[in-house]
Amino acid sequence: MLGGLQLFPMLKIQPLSPERVAQMAAGEVIDSLEAALRELLENALDAQASRIQVEIWPSRWQVRVADNGQGIPASELEQVARRHTTSKLDGRGLGFRGEALHSLARLGSLTIQTRHAADAHGWLAAYDRQGELTHRQPAAMALGTVVTVADLFADWPLRRRSLPQTRPLLTLVQNAALAHPWVSWQVRQEGQLLLSLWPGQSLQDLLLQVLPQVDPSDLRYRRIREGDGDWELVLGLPDRLHRPRPDWIRVAINGRFVQMPEWQRVIQSVFQHALPRHRYPLVVVHLRLPPEQVDWNRHPAKSELYLQDPEIRQEQLRQHLHALLQSGSGQASRRSVHLIRASEAKSVYEASRQPHLPFNPAPAAPACSAPSLPPLKALAQLHRIYILAEHPQGLWLVEQHLAHERVRYEYIQRHWQPVELETPVMLQGLSPQAVEQLEQLGLEPEPFGPNTYLMRRLPLALWSEDLEEVQGSLLELSRCADLESAQVAVACRGALRNGIPLTLEQMQQLLEAWQRTANPHTCPHGRPVYLALAEKDLARYFRRRWGICDRPISDPKLGSWWELEPLGDRFAAQVRCSSSASAPEPRDETRSAPL
Ligand code: ADP
Ligand code: MG
């Protein structure tokens, strides 16, 4: 005894038993029910399943994944759950460690029901804690595999401190679906259907199912093949979609969503000053690369990786996002459709409008390959605030101050280098923080008396012959916390104010300069710059495909050409799309029904 501290003799150094080592390794791979599900999903995907059904019973610490994949040959059932056994040495699919089934057998009770094409019937197999096959019997089933893990962590009570949550399990399935859009998915919990996703062509198709509240016209999607890399990128337009958390900045490499902090930073930097403060973008990126360019052996859960040429890939990501952000299609946002709806509700027409008259703001077609903003022609200035501009698919209202602010902001960023002033400018009443801020911006204020400083330098973008203007810009800079906010503040300060009249030519110039910006959708504070009204929504609003008839329709033939709807004591008629071949195709959509 030494002051109450009891000393034990040191034990001799000895190797851990293989049993102990295997247990520790299993615990690393499978640390939760979520991890068990992750491994089973990956196996199903590697078996090239096109249908995957997940069933979870959190209260029983049980999960089952059924797939219609290749199945496991009967001859391999004996070794499938032994440690470090795999059939994936060719490097295809999601990669191998040959540990998952073994770990699941160690930590829970593992059964596999499977049928491979080479076998006449299926098999049901059960395994013990060492991953050895203990029982096998024939089973009737279609091609595929059903793996069940029950009683997970029964012997590891510390891992069972709280019941598994449903949300992370669902997120796991959603991510797997986003990265494998050709698969159909179902998730049940304790028998109740929680999620059902059907196959699509692309990441965007699946994203719209996972986030049904998102309007397709608010997304931009692009698939880019670049050398040996195959990119899929979806982003939410920053003026229409953003999140309070960075939970929808997601990156997948070769079919698996991964933690890539550097890529997260690149994505956030692209959206910097395109979003309101404290908001995050919606960006999902999937990059497929040849397997030899990816090393998954960085983390037992394969949630991190080593990538070949990471800097080159990051730069490609940045460029693709910038290009996608800059693209636009002139499509109406759901917001503008709502606007039309709202104005419809207020319109005089409302008084005589019947509830049957269909006004269905059909969702715009997915915006997938819009190359750039459409050419805009300035038509008029409204309230000295908005520029009304026309383009082939509709018209836009562009807020003049915000558009100019965006133009100025990007100009300022490109021309920030300091220049010497011919006549120094004097600033008075500067606080010590203001002086410090000017110093940090490299503008070197010179003391010139109490609280008074002489300024001899100025960022090129802020140069003006008007000394008062220069003084104002410098004072604005002195009030900002950092370079970014200084650039935003001076961009806003010098931007065209609302209330200023503009000629058509000035408006056109502003529109063209604004369209050349890297991110035309929002001002640097994240406010939307324009509202798009699509011609097809306007047509719908003005019911140009519709005619109203004053009297009941007697000609029975009309019914085969026109869809008739009672409208009070009259009828509304719409061209039937599926009309017979003899039905006259109206040339002029704006005419009324032939009544
Ligand atoms: P790994 O996936 O790294 O190979 P696992 O322990 O997860 O290791 O799986 C071992 C082997 O079991 C796989 O290589 C595969 O051959 C087979 N297997 C597991 N699950 C399935 C499945 N759902 N369908 C077909 N084969 C499977
Ligand atoms: Mg596996």
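**Reasoning from contact and burial**

Modeller: Residues up to four places away in sequence are not counted when I say that Ile72 touches Leu77, Val80, Ile112, Thr114, His116, Asp119 and Thr145. The model is a predicted one, and the loop between strand 2 (62-67) and helix 3 (100-107) is where Ile72 is found.

Colleague: Why is Ile72 called buried?

Modeller: The relative accessible area of Ile72 is 16%, and buried means under 20%, so Ile72 is placed in the buried class. As for separation along the chain, Ile72 and Gln113 are 41 residues apart in sequence, while their C-alpha atoms are 9.0 Å apart in space.

Colleague: What makes Gln508 count as buried, and where is Gln508 found?

Modeller: Gln508 belongs to helix 13 (residues 504-515). Its relative accessibility is 19%, and the cut-off for buried is under 20%, so the value falls within the buried class. Once neighbours within four places in sequence are left aside, Gln508 is in contact with Leu376, Lys377 and Ala378.

Colleague: Why is His135 called partly exposed?

Modeller: A relative accessible area of 40% is computed for His135, and partly exposed covers what lies between the buried limit of 20% and the exposed limit of 50%, so His135 takes the intermediate label. His135 sits in strand 5 (residues 133-139). Its contacts, neighbours within four places being set aside, are with Leu124, Ala125 and Ala126, and the C-alpha atoms of His135 and Leu124 are 8.1 Å apart with their positions 11 residues apart in sequence.

Colleague: How do you know that the side chains of His135 and Gln137 make a polar contact?

Modeller: The distance for this side-chain pair is 2.9 Å, and the limit for a polar contact is within 3.5 Å; the pair of His135 and Gln137 is therefore listed as one.

Colleague: What class does Glu304 fall into, and what value puts it there?

Modeller: Glu304 is partly exposed, with a relative accessibility of 28%, and since this class runs from 20% to 50%, the label follows from the value. The residue is in the loop between strand 14 (294-295) and strand 15 (306-307), where Glu304 touches Gln259, Trp296, Arg298 and His299, residues up to four places away not being counted.

Colleague: What is noted about phi of His273, and why is this residue called buried?

Modeller: Phi of His273 is near 65°, which is a positive value in a residue other than glycine. Most residues other than glycine have a negative phi. His273 lies in the loop between helix 6 (261-271) and strand 13, and its relative accessible area of 17% is set against a cut-off of under 20%, so the residue is buried.

Colleague: What phi does Asn451 have, and why is Asn451 called partly exposed?

Modeller: Asn451, although not a glycine, has a positive phi of about 55°, in the loop between strand 20 (446-447) and strand 21 (452-459). The relative accessible area of Asn451 is 49%, and exposed begins over 50%, so Asn451 remains in the partly exposed class.

Colleague: What makes helix 5 (residues 203-210) mostly covered?

Modeller: In helix 5, 7 of its 8 residues are buried, namely Leu203, Gln204, Leu206, Leu207, Leu208, Gln209 and Val210. These buried residues pack against several elements, including helix 4 (166-179), strand 8 (192-197) and strand 13 (283-288).

Colleague: How are helix 11 (residues 467-478) and helix 12 (residues 483-494) packed?

Modeller: Their axes are 9 Å apart and the angle is about 145°, and helix 11 passes helix 12 in a right-handed crossing. The contact is made by Glu469, Gly472, Ser473, Glu476 and Leu477 of helix 11, together with Ala486, Ala489, Val490 and Arg493 of helix 12. By class, that contact has 4 nonpolar, 2 polar and 3 charged residues.

Colleague: Which residues of helix 12 are buried, and what covers them?

Modeller: Ala486, Gln487, Val488, Ala489, Val490 and Ala491 are buried in helix 12, and what covers the buried residues includes helix 9 (400-414), helix 10 (432-440) and helix 11. Helix 12, with 12 residues, reaches 17 Å from its first C-alpha to its last, close to the 16 Å expected. At the start of this helix, a side-chain oxygen of Asp482 comes within 3.2 Å of the backbone nitrogen of Glu484.

Terms used
Residues are numbered from 1 along each chain as its sequence is written. Chains are lettered from A and ligands numbered from 1 in the order in which they are written. This is a predicted model: local features need pLDDT of at least 70, side-chain atom pairs count only at pLDDT 80 or more; totals for chains, interfaces and linings use all residues. Side-chain values use heavy atoms; hydrogens and water are left out. Axes are lines fitted to C-alpha atoms, for helices over the stretch in contact, and angles run from 0 to 180 degrees between N-to-C directions. Helices (H or I, at least four residues) and strands (E, at least two) are DSSP runs, numbered from the N terminus. A crossing is left-handed if the near helix is turned anticlockwise from the far one by less than a right angle, and right-handed if clockwise. Contact means heavy atoms within 4.5 Å. Ala, Val, Leu, Ile, Met, Phe, Trp, Tyr, Cys and Pro count as nonpolar, Asp, Glu, Lys and Arg as charged, and the others, Gly among them, as polar. The expected span of a helix is 1.5 Å times one less than its number of residues. Buried means under 20% relative accessible area, exposed over 50%, partly exposed in between (1.4 Å probe, protein chains only). A polar contact is a pair of N or O atoms within 3.5 Å; within protein, one must be able to donate a hydrogen and the other to accept it, and residues adjacent in sequence count only if both atoms are side-chain atoms.
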